[in-house]
Each structure stands twice: as structure tokens, then as C-alpha cells.
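The following explanation leads the reader through a structure step by step. Please keep the sequence and the model in view while reading.

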Amino acid sequence: MLAFILSRLLQAIPVMLTVSLISFAMFAYVGDPVTIMLGQDYTEAQREALVRELGLDQPFFVQFVEFLENVLRGDFGLSYRLGRPVADLILERLPATLELALTAALLALLVGVPMGVYTGLYRDSWLSRLFLTVSLIGVSLPTFLIGILLILVFAVILGWLPSFGRGETVAIGWWTTGLLTWSGIKALILPAVTLGLYQMTLIMRLVRSEMLEVLRTDYIKFARARGLPDRIVHFGHALKNTLVPVITITGLQLGAIIAFAIVTETVFQWPGMGLLFIQAVANADIPIMAAYLILVALLFVVINLIVDLLYYAVDPRLRSGLAATSGR
Amino acid sequence: MRALAPLRRLARAVESDLWWSFTRSPTVVISALVAVAMIGSAAFAPWVAPHNPFDLATLNLLDAFTPPLWLEGGDPRFPLGTDDQGRDVLSTILYGARISLFVGFCSVLFAMTLGVTIGLVAGYAGGAVDAVLMRIADIKLTFPAILIALLVDGIVRAILPRELHDRIAIWVLIFAIGISNWVPFARTVRGSTMVEKNKEYVMAARVIGLSPARIMWSHVLPNVMGPVLVIATLQLGFAILAEATLSFLGVGVPPTQPSLGTLIRIGNDFLFSGEWWITIFPGAALVVMVLSVNLLGDWLRDALNPKLR
């Protein structure tokens, strides 16, 4: 178990190094921080002094190591546009994005899995057909359009829910949460639904096809022959065996949720990391882009590790040492 | 000549099985008709569209915010209403779809070329080359495509001066979307290439002394192209959505050449003042286009792969 975690962590190191190298290359070759920091009037001596002070006259790898040291200390430099430390900016925005992404993922799971089980068990009922049709439309609708439609219906026409911002937030230490106020929860509903809808349809389709496959197997027939009640056969035997692919996909989709949070945050003007990032892209604000890239990569590595650990919890075969030969 | 045999086989399949399964499903026939109609009217937008939305001389600000024909205050000249600058919404959709489709097709073509080349080389060469290329593909796959497209766009934006960037923005976009989608092509082609390279015809080609490049290009490639076309169709829907998303975020095509995504973004500002048609109609056009392409892709995948039936 420990060896498994360690080998996973070791595999993550080259990925993180590659991403850091790309981030650093962006710093080093894109844009010229010296010109930006000096402004309009400067002498050549001033320029050289600044280059030396910033360490830009050092060889590439010396600079890269220094960059890595700074990143490990949480120092991502100053934003070109806002002139504030990037780490502070991201830390301010992080709670908003994480709350949105986790709510969306939870929503997708809590609605998607039961819908998938239902459509798998009763594949020819009219409700199943309705779910499947809706899911097909859900896959073809881009995130931003779902958001616009929801705003049109629930904010403009019905006027029930706010269409932008986080509502009132409560600060707990450096973490600000919108989950403790009524207006914060109301503001969260539309963005979370927008963000989670695609993942929900994906999970539903996955659970459905896995259920259909599992229900055909011999041990389900045997369980029925033993006279076990449907509830136990469906949930104890069938659903449990569909969980491995569901966990994989959900884990991978958590990454996609964080990426698509950029879109949702733009539609709803949600003050999260995604909005910060998209403004950075539009203004070519390299330090923010680089920091976001490293942070997202780190997040993905952690998610992948957690997914791998969950396999252990769900699939007993892996615990008995098959992990080494099962091809992963 | 032996390399042509599979092609002939494919031609026969199109005549029989594929056409048969095509005519059997009304959904597929309808989506094909819709796709052809949309692609056709978009391609011939200058002749089909009732107005030229970019001809400033014909625009009249007094026409701005005309609602669609069937609502009160509608104008028969503008069947789907007008936007804030008095442009006919139907015409802007046709011109916008043209740009969306162009970016979609080109980026899929780019992703396909890149992916097929990488897959062929990785599968044929094997060993360390294969390991390195597939490792890159793994890392690439860890990140959602849209994020990579955004990053590429952001970096190019930082490198190029603004005026130059606006002029080539469409190509930057095609590059960004294409580079974020080559992995599915590469993986599939690599898999089939590894199977094909051990077959007799490849051995024979090697024995008569053909160069590896020649073998890959004119012998292996025709035999692995089948699934590639399926992936290309499925990716087209994705590429169109990616373009719309990037343009909606304001980092796609420049406002002077609005695609469907740009139109939706512009219309989004007027949602609260009640002019919903400026954003909803381009949105509907986008959804219908992507849905029909996706349905076609799904059908093609099932029809060409008997194992899934």
C-alpha cells in the first residue's frame, strides 16, 4: 500500500517538472518583464542593474532552479496587470472555485448515479427514454449556453435566483464561504447546476451501460435464483460492481469541472480562479497564467492519486496483490 | 496494387451495409439533411443571407432591436429580428456559422494530420520513440482540451503584437484547438499500426527495400484510416463547441469576424433588457449544428464497427 502510494508520487514528479518547465519557459521567453517594470524612461545602466537584480543574466537552468525554489515557497511573482502578488490573488479566489466545483461534482454524482441505475434497470420505460433524450441534448449543449438559458429562465423571466456574483460570504480565517448565508446558497444554485449538468449526463450514461452489462452476468442470475430481494441484487451486487469505472470517470471529470469552471465563472461573473485566469489570458498576464497552470497540474495529480486510492477501497482484487499485474 | 484492395472493399461497403443502415434510421437521415443544409447555407452565406451584416452602408441604427417577425413590432425584412447595431440576426447567424464551421473543419484537419503522423511513427517505430510519444500523449490527456487551447491562445497573444494577432487570430484559434485534440487520433492509429506492421504486405514492402516513410505513408496509412474518419466526425462537433466556447470567453476570433460564439457573447449583454433573440437564435443554431454532427458521428461509429451492434 505504502509502496503503491510512493510509486504514484514518484510518477507525478516528472509531470510536475514538465509543467513547471513550460510555465518557466513562458516567463523566460514571453514578454519582457524588465521593460514592463521600468516603464517609459530608463537608462541602459538602470536596465542592466534591474536585469542583474532579477537574475535574468544567469544561465537558463540556474534561473529555472531559482524559479522552482520560489514556487515551492509559494512565490509566483507579481501580476503584470494588477501589480499584486499572484499567490495572494489566487488564494483569494480559490475558495469560490473550489466550492463551486465540489458542489457541481456532488450534484452530478447524487443525481447522475440514481438516474443511471433507473435507466439501467427499466431500460424501456418512458421515463428512461426521457432521461436519455435529455442527456443527449445535455451533451450537445455547450456549458455557456446552459448558463445563459438558466439565467434567462430563473433570473430574468421568473426572477427567483440571482444571475451573478457569490451573494454574501462569511470569512473563516482566509477562507471565504458562501455556504453559510442564504443569499450565498441562492447564488450558488445556478452556476453549480450549469457546471454539473454535463458531468451528470456523462455519469448517468456510464452507470446505465455498466448496469446493463453487470445485470447480464451469472452472479446476478445466481443472486436472483437464491431468492434475494431486488433491492439487494440491484444495489448490493449490481451497483457495487459498476463503481470502479464510475470512480475513474468522476475523478477525471473533476479536472474537467475545474477547467470548465472558467466558462461558468465568466457567464455568472463568479469571482473565482477561472475568471482570474481568463482575464489573464485576455491581457497576456503571464505570471497568473503560469501559476494557474502549475496549480491545476498539482490539483490533477492529487485527484489522480485519490482516485487510485479509491480503487483500493472499492475493488478487493487490487488489495490481494493483483495490482502489479492488472496492467495499470 | 495490393494497397488499393482495402479501398475497393470500403467502396463496396459504402454501397451495401453503410447505405442500408443509413436509410434505416430516420434520426440519422434527418440529422444528415440538417447538417448538409446548415453547412450549405453557411458556405454560401453571401448568396443565401438576406442581408450583408458587414456592409455598413446598408445598416440603419433605427432598425436596431427589432423583434422577430411573429412578435409585435416585427419587420418582414428581418425574420429573426435585429441586434443592437440593426444587423439582421438571420444573416449574422449564417455568416457566423460559416466561420464556426471553417474553424471546426480546419482544426480537425490539423489535429488529424498531427495525430495520424504521431500515431504512425509511434506504432511503426515502437521502442523508445513510442514510449516518449505516448507519454506525451498521456500528459496531454491529463489536461482538459479547452484549458490547453486557452493556454496556447494566451501564449500566442503574449508573443505577437496586437494588430498582427487580430489579423491571424483565426489561424491561432485553429492551431490552439487542433493541438488540444490530436491524442485520440494518435492513440487509435498507433494501435492499428502495431497490428498492421506485422502483416505480410508490410514485410513484403520491407523486403523489396522500401523506406520506412514510404511504407508508413502508402501501405500502412490506407489500412488504418477507417476509424480515423469516425473520430474526425466525432471531433468536429467538439471542435465547433470549443471554438464557440473560446469566442464566448472573448479570446477566440476577433469581433470583426463574429462566429456563433461571439454572437452569443454579444447577445448575452442584452438578455436582461428583454432582447433575448439576439443571443438565443445563434445559440439554437449552434446546438442544432453540433447535435446533428454528433448524431452522424455516433451512427458512423456504430455502423462501421459491427462489434458494437
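At what angle do H10(B) and H11(B) pack, and how far apart are their axes? The model examined here is a predicted one, and in it H10(B) and H11(B) pack at an angle of about 35°, with 7 Å between their axes. The crossing of these two helices is right-handed. On the side of H10(B), the contact is formed by Glu243(B), Ala244(B), Thr245(B), Leu246(B), Ser247(B) and Phe248(B), while H11(B) contributes Leu260(B), Gly261(B), Thr262(B), Ile264(B) and Arg265(B). By character, the residues of this contact comprise five nonpolar, four polar and two charged.

H11(B) deserves a further look. Is H11(B) largely enclosed by the rest of the structure, or largely open? Eight of its nine residues are buried, so H11(B) is largely enclosed by the rest of the structure. To count as buried, a residue must have 20 or more other C-beta atoms within 10 Å of its own. The residues of H11(B) that meet this criterion are Leu260(B), Gly261(B), Thr262(B), Leu263(B), Ile264(B), Arg265(B), Gly267(B) and Asn268(B). The cover over them includes H4, H10 and H12 of chain B, together with helix H7 (143-157) of chain A.

The next step is to consider chain B as a whole. Chain B contains twelve helices and zero strands. Of its 309 residues, 43% are buried. Among the contacts in chain B with a separation of 6 or more, 71% join residues that are 24 or more positions apart.

Chain A may now be set beside it. Chain A has 13 helices and two strands, and buried residues make up 35% of its 328 residues. In chain A, 71% of the contacts with a separation of 6 or more are between residues 24 or more positions apart.

A pair of helices in chain A offers a second example of packing. Two packed helices are described by the angle between their axes and the distance between the axes. Helix H10 (residues 230-268) of chain A and helix H12 (residues 286-314) of chain A pack at an angle of about 170°, and their axes are 10 Å apart. H10(A) and H12(A) are therefore roughly antiparallel to each other, as angles over 145 degrees are counted in this way. Their crossing is right-handed. Residues of H10(A) in this contact include Leu243(A), Val244(A) and Ile247(A), and those of H12(A) include Val296(A), Leu299(A) and Phe300(A). The contact of H10(A) with H12(A) consists of 14 nonpolar residues, four polar and no charged.

How do the two chains meet? In all, 31 residues of chain B are in contact with 29 residues of chain A. On the side of chain B that touches chain A, the elements giving two or more residues are H5 (127-142), H6 (145-159), H10 (212-248), H11 (260-268) and H12 (277-304) of chain B. The largest share of that side, ten residues, comes from H6(B). The residues on this side of chain B are divided into 21 nonpolar, eight polar and two charged.

Finally, the confidence of the prediction should be considered. The predictor assigns the complex an ipTM of 0.74 and a pTM of 0.79. Chain B has an average pLDDT of 79, and 85% of its residues score at least 70. Among the elements of chain B, helix H4 (residues 89-125) has the highest mean pLDDT, 88, and helix H1 (residues 5-24) the lowest, 68. Where pLDDT is low, the predicted coordinates should not be read in detail.

Methods:
Residues are numbered from 1 along each chain as its sequence is written. Chains are lettered from A and ligands numbered from 1 in the order in which they are written. This is a predicted model: local features need pLDDT of at least 70, side-chain atom pairs count only at pLDDT 80 or more; totals for chains, interfaces and linings use all residues. Two residues are in contact if their C-beta atoms, placed from the backbone, lie within 7 Å. Helices (H or I, at least four residues) and strands (E, at least two) are DSSP runs, numbered from the N terminus. Ala, Val, Leu, Ile, Met, Phe, Trp, Tyr, Cys and Pro count as nonpolar, Asp, Glu, Lys and Arg as charged, and the others, Gly among them, as polar. pLDDT is the predictor's confidence in each residue, from 0 to 100. A residue is buried if 20 or more other C-beta atoms lie within 10 Å of its own, exposed if 12 or fewer, and partly exposed in between; C-beta atoms are placed from the backbone. Axes are lines fitted to C-alpha atoms, for helices over the stretch in contact, and angles run from 0 to 180 degrees between N-to-C directions. A crossing is left-handed if the near helix is turned anticlockwise from the far one by less than a right angle, and right-handed if clockwise. Angles under 35 degrees count as roughly parallel, over 145 as roughly antiparallel, 65 to 115 as roughly perpendicular and the rest as oblique.
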